[in-house]
Amino acid sequence: MALNFDISKVAMFRNATLANDDTMVNLDGNGGIKSAGQYQGRFSDYRHRTDTQRMNNNAVRTELLKALGQAFALEGMTEVGGVVRFSRQFMDRLQEILGNDVLKRGDFCVKDDGLVKSGRPLTKRRIEAILNKAMLAGKTDFDVDVYMKKLAVIKKEMKIGEMPPKELKSKSGADLFLLAEKLLHFLKNDIFLAKQVIDKETGKPAYVYGPKGEKVDKSFMRVNPDYLDMLDSSFDPEKAGYSKFQTRGADGRYVPFGAKAKDDLLKSLIYFELIHTDEAPIDTKDITSLERQKRYIASIAQQYAQKIIDIYFEAKQTGKLADFKAFISKGVGACLEDKGKKLNKWQTENLKDETVSQGEAMSKAEIAEFERIADLHEEGMAPPPKTSDLVYGVINSLYMSDDTFKDKGEWKDFAEHVKTKLVGKTAQIVTPVWNKERNQYDFVPLLDVRDTPVTRPLTSEDIDEIGEACLENVLMG
């Protein structure tokens, strides 16, 4: 069975800013790592290494092993009084996953007492080699940078060249991976989804955009930031002549929204692929409709790119790569939605591994939802349930139907099961707020820019955001 890899567990190593490959690292004491100088070669370093340096080197190596163990959910790691020990079985399994050429087990020198004792420094080069192999060896939640690295491996193995500047020569075979690359670039550079946060300065709800949490939306189409500022100031932006929506112009500057200009720009950004944006239409009278269409476009683009890359590695692992290449050599559908559907169908019919990454699980009902729309529910239907109600339902079902969960009390024990059931289902997004009087968590709706509850398909991150709070309420109740 495929192994899941939770990239959030290695964030301190992934997100570190280090000068170059030979930069040595130590723990910074604040949950991160810092530079500890430049590596000058093993023998030079060994002659001048102090006891303090050895201790610091062992500490950061221990933290890396611990993070990898948590990310892969490996057994054989214990922590008592701040001292972390690793069993021989733990190290054997990690070596099996990563390979000794990448892990370099001797550089950790874990003996029978389970402690890291080598004293050798850890460099940026070694960290990146280990993390890159780990991300390829295990299934991960969707992360653009991670999937770009996975795709780079595929391109190298298939001898695929650079992305063409304007459009693809074909819509089959290797070109389908170039389409995935184009979509990953689109998700990274051209479309940023709004997320509501609490402004640290004002203490009031505010919106940020994209993975970096920028205050200004830099998507290829967006709600005019000046229009929103006018609304916040209780002025009428339309009377003042501000356009509600904007599209990025040919020179990179934003111009008043035009449906044709937006469609032409979108097509150029995704290799002229057909995507049914009419499933989430923009209504110029409804300021929230543009964000809904952005979410629809982003979900379809992500689903295709993630699916074709994941299937490649699953097919390779199960000896069916030749079959998969034969399948895609004929093309996999006309529109982007259909491509995602047919890739998923091939995966279901040809790959027996039922383990899925936390961000990609889809039941038949969820596939139907994916084909229909990403964040709308049919007119006239009852409102979708709150995310918290869905999570409660799965947790309670596990408690009642599976005795192995009766003694479980941590979110990590339930997370994968809950996500497998719920990722992709349409729900009202909520956030947990501690209620001191009731001694439990309340769940308040996430609101959009017009104070309307946000409803869309659930992501792994949505579920993680409230999972621990739901479980704590269940245990306390």
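1. A word on terms to start: contact here means heavy atoms within 4.5 Å. Please also keep in mind that this is a predicted model.

2. With that in hand, take helix α8. The cover over its buried residues includes α7 (144–158), α10 (259–269), α11 (289–317), α12 (321–328) and α13 (336–350). The helix is mostly covered, with 12 of its 15 residues buried. Among them are Asp175, Glu181 and Lys182, along with Leu176, Phe177, Leu178 and Leu179. Further along, Leu183, Leu184, Phe186 and Leu187 are buried too.

3. The geometry of α8 is a nice check. Its 15 residues (175–189) should span 21 Å at 1.5 Å a residue, and the end C-alpha atoms are 21 Å apart, so the two values agree.

4. Next, have a look at the hairpin made by β8 and β9, which has 6 residues between the strands. Strand β8 covers residues 194–198 and strand β9 residues 205–209; they pair in the antiparallel sense over 5 bridges. One bridge joins valine 197 to alanine 206 in β9. In the turn, you will find glycine 203 with a positive phi of about 75 degrees.

5. Finally, the cysteines. How many disulfides does a search of the whole structure find? The count is 0. Two cysteines can be placed by their accessibility: cysteine 109 is at 23% relative accessibility and therefore counts as partly exposed, whereas cysteine 470 counts as buried because its value is 0%. The cut-off behind both calls is that buried means under 20% relative accessible area.

Key
Residues are numbered from 1 along each chain as its sequence is written. This is a predicted model: local features need pLDDT of at least 70, side-chain atom pairs count only at pLDDT 80 or more; totals for chains, interfaces and linings use all residues. Side-chain values use heavy atoms; hydrogens and water are left out. Helices (H or I, at least four residues) and strands (E, at least two) are DSSP runs, numbered from the N terminus. The expected span of a helix is 1.5 Å times one less than its number of residues. Buried means under 20% relative accessible area, exposed over 50%, partly exposed in between (1.4 Å probe, protein chains only). Two strands pair if DSSP finds at least two bridges between them. A disulfide is a pair of cysteine sulfur atoms within 2.5 Å.
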